[in-house]
Amino acid sequence: MPPGEGRDLVALACSQCHYLGTIAKIRDGAAGWRLYVSNMVLRGAQLTGPDIDTVVNYLALNLGPGANLPPTKPVALPDGHGKELVETRCALCHDLKRVATVKRHKQDWPNIVANMVARGATATPEEATAITDYLAANFGN
(Lines give C-alpha, C1' and ligand atoms only; values in the text may rest on other atoms or scores of the structure.)
Protein backbone atom coordinates (compact mmCIF):
# COMPACT_ATOMS: atom_id res chain seq x y z
CA MET A 1 0.00 0.00 0.00
CA PRO A 2 1.33 3.45 -0.83
CA PRO A 3 2.46 5.60 2.10
CA GLY A 4 0.09 8.23 3.42
CA GLU A 5 -2.31 9.16 6.17
CA GLY A 6 -4.71 6.24 6.57
CA ARG A 7 -2.39 3.51 5.34
CA ASP A 8 -2.07 1.91 8.77
CA LEU A 9 -5.85 2.01 9.29
CA VAL A 10 -6.41 0.33 5.93
CA ALA A 11 -3.76 -2.27 6.65
CA LEU A 12 -5.19 -3.05 10.08
CA ALA A 13 -8.92 -2.94 9.36
CA CYS A 14 -8.96 -4.42 5.87
CA SER A 15 -6.34 -7.14 6.25
CA GLN A 16 -8.48 -8.86 8.87
CA CYS A 17 -10.49 -10.30 5.98
CA HIS A 18 -8.79 -9.26 2.74
CA TYR A 19 -5.44 -9.67 1.06
CA LEU A 20 -4.25 -6.07 0.58
CA GLY A 21 -3.13 -6.81 -2.98
CA THR A 22 -6.77 -7.34 -3.91
CA ILE A 23 -7.73 -3.98 -2.44
CA ALA A 24 -4.84 -2.29 -4.24
CA LYS A 25 -6.24 -3.43 -7.61
CA ILE A 26 -9.60 -1.72 -7.09
CA ARG A 27 -9.80 1.77 -8.59
CA ASP A 28 -12.67 3.92 -7.43
CA GLY A 29 -13.43 7.50 -6.50
CA ALA A 30 -14.35 8.76 -3.06
CA ALA A 31 -18.05 7.91 -3.43
CA GLY A 32 -17.30 4.36 -4.53
CA TRP A 33 -14.73 3.81 -1.79
CA ARG A 34 -17.21 5.15 0.78
CA LEU A 35 -19.71 2.48 -0.35
CA TYR A 36 -17.06 -0.26 -0.05
CA VAL A 37 -15.92 0.91 3.38
CA SER A 38 -19.45 1.42 4.71
CA ASN A 39 -20.38 -2.06 3.53
CA MET A 40 -17.34 -3.50 5.31
CA VAL A 41 -18.20 -1.64 8.53
CA LEU A 42 -21.68 -3.17 8.36
CA ARG A 43 -19.96 -6.55 8.04
CA GLY A 44 -17.80 -5.94 11.10
CA ALA A 45 -14.80 -3.81 10.13
CA GLN A 46 -13.72 -1.98 13.24
CA LEU A 47 -13.66 1.67 12.13
CA THR A 48 -15.07 4.76 13.83
CA GLY A 49 -16.70 7.62 11.91
CA PRO A 50 -13.47 9.66 11.71
CA ASP A 51 -11.55 6.49 10.80
CA ILE A 52 -13.95 5.86 7.92
CA ASP A 53 -13.30 9.34 6.54
CA THR A 54 -9.53 8.84 6.83
CA VAL A 55 -9.69 5.45 5.10
CA VAL A 56 -11.94 6.73 2.29
CA ASN A 57 -9.68 9.74 1.71
CA TYR A 58 -6.58 7.53 1.66
CA LEU A 59 -8.12 5.03 -0.76
CA ALA A 60 -9.53 7.69 -3.10
CA LEU A 61 -6.22 9.56 -3.20
CA ASN A 62 -3.95 6.55 -3.57
CA LEU A 63 -6.19 4.00 -5.28
CA GLY A 64 -8.50 6.23 -7.29
CA PRO A 65 -9.03 6.09 -11.05
CA GLY A 66 -5.67 6.21 -12.81
CA ALA A 67 -3.69 6.67 -9.58
CA ASN A 68 -0.60 4.55 -9.01
CA LEU A 69 -1.67 1.75 -11.33
CA PRO A 70 0.59 -1.24 -10.87
CA PRO A 71 2.50 -2.34 -13.96
CA THR A 72 0.62 -4.93 -15.96
CA LYS A 73 1.36 -7.18 -18.88
CA PRO A 74 -0.01 -5.72 -22.09
CA VAL A 75 -3.31 -7.21 -23.18
CA ALA A 76 -4.21 -7.21 -26.86
CA LEU A 77 -7.92 -6.59 -27.26
CA PRO A 78 -9.72 -7.67 -30.43
CA ASP A 79 -10.17 -4.98 -33.06
CA GLY A 80 -13.57 -3.38 -33.35
CA HIS A 81 -15.60 -0.23 -32.84
CA GLY A 82 -15.21 0.74 -29.18
CA LYS A 83 -11.79 -0.87 -28.62
CA GLU A 84 -10.00 2.47 -28.25
CA LEU A 85 -12.60 3.66 -25.73
CA VAL A 86 -12.13 0.51 -23.65
CA GLU A 87 -8.34 0.95 -23.77
CA THR A 88 -8.45 4.63 -22.81
CA ARG A 89 -11.44 4.82 -20.47
CA CYS A 90 -11.76 1.41 -18.82
CA ALA A 91 -7.99 0.98 -18.39
CA LEU A 92 -7.88 4.05 -16.12
CA CYS A 93 -9.35 1.91 -13.37
CA HIS A 94 -9.12 -1.69 -14.54
CA ASP A 95 -6.40 -4.02 -15.67
CA LEU A 96 -7.51 -4.96 -19.18
CA LYS A 97 -6.64 -8.59 -18.39
CA ARG A 98 -9.68 -8.54 -16.13
CA VAL A 99 -11.84 -7.31 -19.00
CA ALA A 100 -10.42 -9.87 -21.41
CA THR A 101 -10.59 -12.93 -19.17
CA VAL A 102 -13.80 -12.57 -17.15
CA LYS A 103 -16.70 -13.54 -19.38
CA ARG A 104 -20.03 -11.89 -18.66
CA HIS A 105 -23.43 -12.45 -20.15
CA LYS A 106 -24.01 -10.07 -23.06
CA GLN A 107 -27.06 -8.65 -21.32
CA ASP A 108 -24.95 -7.77 -18.22
CA TRP A 109 -22.61 -5.35 -20.01
CA PRO A 110 -25.08 -2.41 -20.25
CA ASN A 111 -25.57 -2.42 -16.46
CA ILE A 112 -21.84 -2.83 -15.80
CA VAL A 113 -20.93 0.09 -18.08
CA ALA A 114 -23.76 2.24 -16.67
CA ASN A 115 -22.50 1.49 -13.15
CA MET A 116 -18.98 2.56 -14.11
CA VAL A 117 -20.28 5.81 -15.64
CA ALA A 118 -22.32 6.44 -12.47
CA ARG A 119 -19.12 5.93 -10.44
CA GLY A 120 -17.33 8.58 -12.47
CA ALA A 121 -16.06 6.95 -15.67
CA THR A 122 -15.92 9.58 -18.38
CA ALA A 123 -18.11 8.63 -21.32
CA THR A 124 -20.82 10.35 -23.27
CA PRO A 125 -23.99 8.31 -23.78
CA GLU A 126 -22.80 7.46 -27.30
CA GLU A 127 -19.39 6.38 -26.00
CA ALA A 128 -20.98 4.28 -23.26
CA THR A 129 -23.07 2.55 -25.92
CA ALA A 130 -19.97 1.91 -28.05
CA ILE A 131 -18.12 0.49 -25.02
CA THR A 132 -21.10 -1.69 -24.11
CA ASP A 133 -21.50 -2.98 -27.66
CA TYR A 134 -17.77 -3.75 -27.95
CA LEU A 135 -17.64 -5.57 -24.61
CA ALA A 136 -20.80 -7.55 -25.29
CA ALA A 137 -19.60 -8.57 -28.76
CA ASN A 138 -16.12 -9.58 -27.64
CA PHE A 139 -16.47 -10.59 -24.00
CA GLY A 140 -20.08 -11.69 -23.65
CA ASN A 141 -21.30 -15.25 -23.62
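Let's start with a word we'll need: a residue counts as exposed when its relative accessible area is over 50%, as buried when that area is under 20%, and as partly exposed in between. Asp-79 has a relative accessible area of 68%, so Asp-79 is exposed. Keep in mind throughout that this is a predicted model.

**Salt bridges**

Asp-79 is a good place to begin, as its side chain takes part in a salt bridge with Lys-83. How many salt bridges does a search of the whole structure find? The search turns up four. Here are three of them, with the distance between the closest N and O atoms where that is given.

| Acidic residue | Basic residue | N to O distance |
|---|---|---|
| Asp-79 | Lys-83 | 3.1 Å |
| Glu-87 | Lys-83 | 4.0 Å |
| Glu-127 | Arg-89 | 2.9 Å |

Lys-83 turns up twice there, and salt bridges tie Asp-79, Lys-83 and Glu-87 into a network. The members sit in varied surroundings: Lys-83 has a relative accessible area of 18%, so it is buried, while Glu-87, at 32%, is partly exposed. Glu-87 and Lys-83 are about one helical turn apart, because they lie four residues from each other in helix H5 (residues 83-89).

The bridge between Glu-127 and Arg-89 has an N to O distance of 2.9 Å. It links distant parts of the chain, with Glu-127 in helix H8 (residues 125-139), Arg-89 in helix H5, and the two positions 38 residues apart. Arg-89 is partly exposed, with 25% relative accessibility.

**Nonpolar cores**

Now for the inside. The largest nonpolar core is made of 15 residues, and Leu-77, Val-86, Ile-131, Tyr-134, Leu-135 and Phe-139 have the most contacts inside it. Which helices each supply at least two residues of this core? They are H5, helix H6 (96-101), helix H7 (109-118) and H8. H8 gives the largest share, with seven residues.

Leu-135 shows how the chain comes together here. Setting aside neighbours within four places in sequence, Leu-135 touches Val-86, Val-99, Trp-109, Val-113 and Gly-140. Another core lies apart from the largest one; this other core has 13 residues, including Val-10, Ala-13, Leu-47 and Tyr-58.

**A pair of helices**

Two packed helices are described by the angle between their axes and the distance between the axes. For helix H3 (residues 30-42) and helix H4 (residues 49-62), the axes come within 9 Å and cross at roughly 135°. That angle makes H3 oblique to H4. The crossing of H3 and H4 is right-handed.

Which residues make the contact? On the H3 side they are Ala-30, Trp-33, Arg-34, Val-37 and Val-41. H4 brings Ile-52, Asp-53, Val-55, Val-56, Leu-59 and Ala-60.

**A loop residue**

One last stop is Tyr-19. You'll find Tyr-19 in the loop between helix H1 (7-14) and helix H2 (20-25). Is Tyr-19 buried or exposed? Its relative accessible area is 63%, so Tyr-19 is exposed, being over the 50% cut-off. If you want a feel for distance, look from Tyr-19 to Lys-106: their C-alpha atoms are separated by 30 Å, and the two residues are 87 apart along the chain.

Technical notes:
Residues numbered from 1 in each chain as written. Predicted model: local features only at pLDDT ≥ 70, side-chain atom pairs only at ≥ 80, totals over all residues. Heavy atoms only, no water. Buried < 20%, exposed > 50% of the residue type's maximum accessible area, 1.4 Å probe, protein only. Core = buried A, V, L, I, M, F, W, Y, C linked by side-chain atoms within 4.5 Å. Contact = heavy atoms within 4.5 Å. Axes fitted to C-alpha atoms, helices over the stretch in contact; angles between N-to-C directions. Parallel < 35°, antiparallel > 145°, perpendicular 65-115°, else oblique. Left-handed = near helix turned anticlockwise from the far one by under 90°.
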